[in-house]
2 protein chains.
Amino acid sequence: MNPAPTDASPARTAPSVPAPTRREQILREAARLFAERGFHGVGVDEIGAAVGISGPGLYRHFAGKDAMLAELLVGISGRLLASGRERRAAAEAADAGPAAVLGSLIDGHIDFALDDRALIILHDRELGQLREADRKQVRSLQRQYVELWVDVVRALHCGVAEDDARAAVHAVFGLLNSTPHLGRVGGLPGRDATAALLRRLAHGALAALTGPARH
Amino acid sequence: MNPAPTDASPARTAPSVPAPTRREQILREAARLFAERGFHGVGVDEIGAAVGISGPGLYRHFAGKDAMLAELLVGISGRLLASGRERRAAAEAADAGPAAVLGSLIDGHIDFALDDRALIILHDRELGQLREADRKQVRSLQRQYVELWVDVVRALHCGVAEDDARAAVHAVFGLLNSTPHLGRVGGLPGRDATAALLRRLAHGALAALTGPARH
DNA sequence: CGTTGCGGTTAATGAGCGTTAACAGATCCT
DNA sequence: AGGATCTGTTAACGCTCATTAACCGCAACG
């Protein structure tokens with residue numbers, strides 16, 4: 001199954017990064033291209049060219065163009081959910097309150113938004129291009145992730161209705177996922193500063209969930 | 001130019017809505033379909049069928065599929081900017097402070113987000129499908145709208161850097177534009193309640209712009 | 001009453017593109 | 001050595017789909 005028995009290669013020292021396999025190269029480039037020009041806007045030849053092979057050579061690694069998108073979307077959705085669960089478990093193991101759990105969820109999501117911008121774009125832009133089965137799986141993972149947040153938000157803000165909490169969580173996702181819309185990396189004041197800004201905005205939005213009505 | 005000289009038709013009483021012209025029907029249905037399945041995911045035959053004519057009949061009204069998308073995106077961008085300018089002018093004419101101006105901008109944007117969900121989706125999903133000239137125009141309108149917000153935000157929060165303000169404005173747009181991602185109209189607690197919730201979240205986020213650093 | 005033009009129709013065209021076929025050079029295992 | 005497998009290649013196929021061509025009814029109008 002794994003064509004690379006060890007990392008025995010022209011590797012100079014010890015590659016702490018285990019040398020990206022061809023599949024991973026393809027997925028990374030495909031994600032970048034899909035995010036730039038849309039799933040239908042990029043042809044298989046371009047994806048191939050981006051990794052140095054051309055056109056139909058991709059079919060040695062993937063069943064088709066759809067399969068690449070599916071793997072990307074299932075992957076990011078799964079990692080988001082896994083990260084969220086780990087963070088909640090870790091915070092609860094440390095006897096932290098709901099506020100700390102929520103803070104950790106926010107931090108984790110910010111990491112994804114800043115480090116996997118292409119996937120963040122794809123994951124709600126191209127969901128409709130998936131085959132029914134894959135789409136259902138991605139939606140299921142997304143829904144579980146949302147519900148994880150909803151539970152934490154409601155634990156923190158006891159009074160809020162479930163629908164309001166869910167809408168607020170979606171809104172905060174929209175807020176945190178906004179960084180891809182900032183032209184490339186141009187206007188961003190640096191990764192850490194951006195993360196800090198997003199963190200404050202997200203906490204501010206959620207803090208307003210309970211409180212005096214506006215207007 | 002206008003084929004309907006008056007609204008003399010089997011109109012029962014006085015149609016305060018001026019009877020949608022064919023072009024408008026097409027644009028509305030195209031917007032809905034594009035938002036549902038993506039620009040490339042819907043064919044001209046489907047758009048035609050949605051308004052009762054079939055296929056190439058659309059070319060009597062539009063130069064091509066691209067032209068429909070362009071008109072939709074330029075339209076929504078222009079209306080957003082116009083609305084924003086009007087609201088600022090109105091608020092300033094009433095001698096309102098920056099806080100009131102910002103509140104009016106938020107209210108106006110919420111109206112668009114809730115009433116033109118399809119266009120809100122399209123306007124940052126399918127920008128890349130436009131011809132260069134149209135894309136530049138839409139981007140210009142969007143940029144002016146953003147800068148309008150940035151000015152108001154900076155007037156209200158004197159200390160914040162321009163880049164931070166811009167990032168925060170983008171983030172608030174992401175927050176306000178999140179409603180389309182709530183499955184159709186299902187989990188929404190009613191239009192007014194949703195608007196109120198979004199208003200509170202947006203104000204909360206922006207209020208956090210200046211204040212104690214998180215963590 | 002012609003005729004002009006608007007708003008349709010169906011059939012044909014042609015490009016783009018995902019996918020498959022057929023073939024070939026390594027590398028590895030025995 | 002010699003097949004088997006993995007990973008490429010180029011050429012061909014076939015389908016989808018936007019766009020154009022050619023044709024037509026019909027309302028307005030002089």
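A residue counts as near a strand if one of its heavy atoms lies within 4 Å of it. Keep that cut-off in mind for the DNA stops on this tour. One more thing before you start clicking: this is a predicted model.

**Stop 1: DNA strand D**

Select DNA strand D and show the protein around it. Among its atoms within 4 Å of the protein, 51% belong to sugar or phosphate, and the rest belong to bases. You should find 16 residues around this strand. The ones that come nearest are Arg22(A), Arg60(A) and His61(A), along with Tyr59(B) and Lys65(B).

Now zoom in on the phosphates of strand D. Pick Ser54(A): a backbone N or O atom of this residue is 2.9 Å from a phosphate oxygen of the strand. Next try Val44(B), where a backbone N or O atom also sits 2.9 Å from a phosphate oxygen of strand D. Then turn on side chains and go to Lys65(B), whose side chain places an N or O atom 2.8 Å from a phosphate oxygen of strand D.

Colour the surface near strand D by residue type, and you get 7 nonpolar, 5 polar and 4 charged residues.

**Stop 2: DNA strand C**

Hop over to DNA strand C. Which residues are closest here? They are Tyr59(A), Lys65(A), Arg22(B), Arg60(B) and His61(B), out of 16 that surround the strand. Of the strand C atoms within 4 Å of the protein, sugar or phosphate accounts for 53%, with bases making up the rest.

Three side chains are worth labelling. Tyr59(A) has a side-chain N or O atom 2.4 Å from a phosphate oxygen of strand C. For Arg22(B), the distance from a side-chain N or O atom to a phosphate oxygen of strand C is 2.4 Å. His61(B) brings a side-chain N or O atom to 2.8 Å from a phosphate oxygen of that strand.

The surface near strand C divides into 7 nonpolar, 5 polar and 4 charged residues.

**Stop 3: where chain B meets chain A**

Hide the DNA and select both protein chains. In the contact zone, 36 residues of chain B touch 35 residues of chain A. About 3300 Å² is buried between the two chains, with carbon and sulfur atoms giving 63% of that area. How many salt bridges cross this interface? The rule finds 0. There are, however, 6 residue pairs in polar contact between chain B and chain A, counting pairs with both residues at pLDDT 80 or more.

Next, highlight three helices of chain B: H5 (117–125), H7 (162–176) and H8 (191–207). Each supplies at least two residues of the side that touches chain A. H7(B) gives the most, with 9 residues. Colour that side of chain B by type and you will see 14 nonpolar, 12 polar and 10 charged residues.

**Last stop: lay one chain on the other**

Finish by superposing chain B on chain A. A turn of 180° with a shift of 0.0 Å along the axis does it, and the RMSD is 0.0 Å. The two copies are therefore related as by a two-fold rotation axis. The same surface serves both copies, with 97% of the contact residues of chain B recurring in chain A.

How values were computed:
Residues numbered from 1 in each chain as written. Chains lettered and ligands numbered in written order. Predicted model: local features only at pLDDT ≥ 70, side-chain atom pairs only at ≥ 80, totals over all residues. Heavy atoms only, no water. Contact = heavy atoms within 4.5 Å. Buried area = accessible area lost by both parts, 1.4 Å probe. Salt bridge = Lys/Arg side-chain N within 4 Å of Asp/Glu carboxyl O. Polar contact = N/O pair within 3.5 Å; in protein donor to acceptor, adjacent residues only side chain to side chain. Helix = DSSP H or I, 4+ residues; strand = E, 2+ residues; numbered from the N terminus. Nonpolar A, V, L, I, M, F, W, Y, C, P; charged D, E, K, R; others polar. Least-squares fit on C-alpha atoms with pLDDT ≥ 70 in both.
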